[in-house]
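Reader: I should like to learn how salt bridges are read from a model. Could you take me through the matter step by step?

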Amino acid sequence: MKDIVWNKILLEEFLSIATLTEIEEKVLRSKLAGYTISQQADIFNMSVSSINRVLKSIDEKYDDAEKYSFILPSRKKKQI
């Protein structure tokens, strides 16, 4: 998520293409609002590792969604 400079247009495009769960959307919006992972864990009453799993799921869904959009930029992927 940190590879992309988000704005309202990109967020709405991503949300319209991806099928995010309610908690995934809440975590994404709070991450974009500047909350840390530990703050998100406190707010959503989840563990830090659960928040990290949700963020990983969002990343995977973003990679799938960007194939179907003309405006979503590509994320930088780690080379193994």
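**Reading the salt bridges**

Author: In this predicted model, the side chains of glutamate 24 and lysine 61 form a salt bridge, with an N to O distance of 2.8 Å. This pair connects distant parts of the chain: glutamate 24 belongs to helix H2 (residues 22-32) and lysine 61 to helix H4 (residues 48-65), 37 residues apart.

Reader: Is glutamate 24 buried or exposed?

Author: A residue is called buried under 20% relative accessible area. Glutamate 24 has a relative accessibility of 6% and is therefore buried. Lysine 61, at 23%, is partly exposed.

Reader: Which residue meets aspartate 63 in a salt bridge?

Author: The partner is arginine 75, and the N to O distance is 2.8 Å. Here too the pair links distant parts of the chain, since aspartate 63 lies in helix H4 and arginine 75 in the segment after H4, twelve residues apart. Both aspartate 63 and arginine 75 are buried.

Reader: How far apart are the closest N and O atoms of lysine 67 and aspartate 64?

Author: They are 3.8 Å apart, and the contact counts as a salt bridge because the cut-off is within 4 Å. Lysine 67 is exposed, with 62% relative accessibility, while aspartate 64 is partly exposed at 44%.

Reader: Which residues do salt bridges with shared partners join into one network?

Author: The network consists of Glu12, Glu25 and Arg29.

Reader: How many salt bridges does a search of the whole structure find?

Author: The search finds seven.

Conventions: Residues are numbered from 1 along each chain as its sequence is written. This is a predicted model: local features need pLDDT of at least 70, side-chain atom pairs count only at pLDDT 80 or more; totals for chains, interfaces and linings use all residues. Side-chain values use heavy atoms; hydrogens and water are left out. Helices (H or I, at least four residues) and strands (E, at least two) are DSSP runs, numbered from the N terminus. Buried means under 20% relative accessible area, exposed over 50%, partly exposed in between (1.4 Å probe, protein chains only).
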